[in-house]
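Q: Before we look at the model, I would like to learn how to read its features one by one. Where should we begin?

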Amino acid sequence: GDLGCYGNKTLRTPNIDRLAEGGVKLTQHLAASPLCTPSRAAFMTGRYPIRSGMASEFLVGVYLFSASSGGLPTSEITFAKLLKGQGYSTALIGKWHLGTNCHNKSDFCHHPLSHGFDYFHGIPVTNLRDCKPGEGSVFTRGIRLLVFIPLQIIAVTLLTMVVLKYLGLVRVPPLVFFSLLCLAAMILGLLVCFLHYFRPLNCFLMRNHEITQQPLSYDNLMQRLVADAAQFIRRNAEKPFLLVLSYLHVHTALFSSKDFAGKSKHGAYGDAVEEMDWSVGQILKVLDELKLANNTLIYFSSDQGAHVEEVTPKGEVHGGSNGIYKGGKANNWEGGIRVPGILRWPGVIQAGLEIDEPTSNMDVFPTVATLAGAPLPEDRIIDGRDLMPLLQGKTQHSDHEFLFHYCNFYLNAVRWRPRNSTSTWKAFFFTPKFSPEGANGCFSTHVCFCHGHSVSYHHPPLLFDISKDPTERNPVTPATEPRFQEVLDTMQQAVDRHTKTLKAVPNQLSLGNIVWKPWLQMCCSPSGL
């Protein structure tokens, strides 16, 4: 809903629109997960995140600390690793969010340089509100549960004991009062330490293995990263290169330089979108200047849909728009997984083409590997499909007959695009409970969860024909669809075949792998900041 080429009339995105006009626009392009970390794992490996252990069984489905031990396993093969093997120079500039260290603060087992990238400049975790003073915290609910509620219980307990002692009903040893006061002081002390140290310990820039700015500064941050991306292209203009420019925009905390701040019609979010569009234009300009445009495949997308619950106390939308689509980040309604998908390669891909077939961000892996002449790994299942036959008009249908939509570890929905039909079926096994009732998101928890009391289970599954009802407002029933049971049976058979291909792997997003571990904490570059 944010881009002009997808119908937005009030945000200025001329460079991204120009990219779409010169290439193919996918209108049913899907993220393999509605959350950053698992979606990026799928994008990098061409595999459903559950295959690599990048799917959480816990409430939290992403990494929040730089000193967590989980991450993309070293056994996984990224498209960067394949292209590096074919002689490509490879770089990732911006956000990684797939882990850093395993056992100590310098093993860098999950780091981009361990996954096929020659060069990394960016943030190893993610951009959070806590990284920018005055923007609030993503831990507000956790602080309320782990700090404020225990403090209230301690306060009520102390008050009750004081009253009972005053009335002479109970004798309370002074040690009990002292212990409770010490416990309260300890909880408050831990809270103060957390609030004070979280930003410098988790919000920093790295260049390769070295910290270069801690905590990171948002001043002209986009300009600095884009300038580095342009320099990488110039350094490698005479040989094959792979650049993954992974924007910190438009994740909160929102930021923009003085040239864009206050200039859009949509506040801080709109300013960030328009600055990101400018940066796309800078990359296109460098490619044109070096006469590389006709020999370069460009892919533009997002790792998930807009975060609809990101609304400030003043009512300013900080999470973006999903257009007509229901839901958003962290759930598998179309708003959470249907993302921009633009590919341009002048002279190879037809300009101005629009394709409404189901495609996935996992498809980038086999597409670029095949183009680079790298054989696909034969020791594992690759779930992505080569996009080139579809993009070049050699086939009219997606190679994905079925796509499986996971909410963290849990299979949430399945999509079926029959070969001999114009329908696209989507069946939900469970859906999130939006709150408040009637809302388009889980505003009470700031994000929707994937199991337990947070979801409603459906027996039989909730079935939609996405081709006729893209907004997912009117589920079909046996009364409205004669093939209702036949469709569900076919989809269940596909689910059964899919689940048989899954192998047990270590969960990289278990509680033990996402918590902060002090011995993994990187801090303070030895060469100075």
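A: With burial: a residue is called buried when its relative accessible area is under 20%, and exposed when that area is over 50%. Keep in mind that this is a predicted model. Of its 529 residues, 56% count as buried.

Q: How much surface does the protein expose, and what share of it do carbon and sulfur atoms supply?

A: The exposed surface comes to about 23400 Å², with 59% supplied by carbon and sulfur atoms.

Q: How many helices and strands are there, and why is the protein called as compact as a globular protein of its length?

A: The protein has twelve helices and 15 strands. Compactness is judged by setting the radius of gyration against the globule rule: the protein has 25 Å, close to the 24 Å the rule gives for 529 residues, so it is as compact as a globular protein of that length. The C-alpha trace spans about 90 × 65 × 50 Å along its principal axes.

Q: What share of the contacts with a separation of 6 or more joins residues 24 or more positions apart?

A: Such residues account for 72% of those contacts.

Q: Which domain does the UniProt record place on the chain?

A: The unreviewed UniProt entry places "Sulfatase N-terminal" at residues 2–374. That span is 35% helix and 12% strand, and its end C-alpha atoms lie 35 Å apart.

Q: Where is Leu167 found, and is Leu167 buried or exposed?

A: Leu167 sits in the loop between α4 (140–166) and α5 (174–202). Its relative accessible area is 54%, so Leu167 is exposed. Together with Leu159, Val163, Tyr166, Leu169 and Val170, Leu167 forms a nonpolar surface patch with about 670 Å² of accessible area.

How values were computed
Residues numbered from 1 in each chain as written. Predicted model: local features only at pLDDT ≥ 70, side-chain atom pairs only at ≥ 80, totals over all residues. Heavy atoms only, no water. Patch = residues over 30% accessible without salt bridge, like charges linked within 9 Å, V, L, I, M, F, W, Y side chains within 5 Å. Areas by Shrake-Rupley, 256 points an atom, 1.4 Å probe, with all protein chains shown as cover. Salt bridge = Lys/Arg side-chain N within 4 Å of Asp/Glu carboxyl O. Helix = DSSP H or I, 4+ residues; strand = E, 2+ residues; numbered from the N terminus. Buried < 20%, exposed > 50% of the residue type's maximum accessible area, 1.4 Å probe, protein only. UniProt positions renumbered as here; feature names shortened; annotations may be inferred. Rg over C-alpha atoms; globule rule 2.2 N^0.38 Å. Contact = heavy atoms within 4.5 Å.
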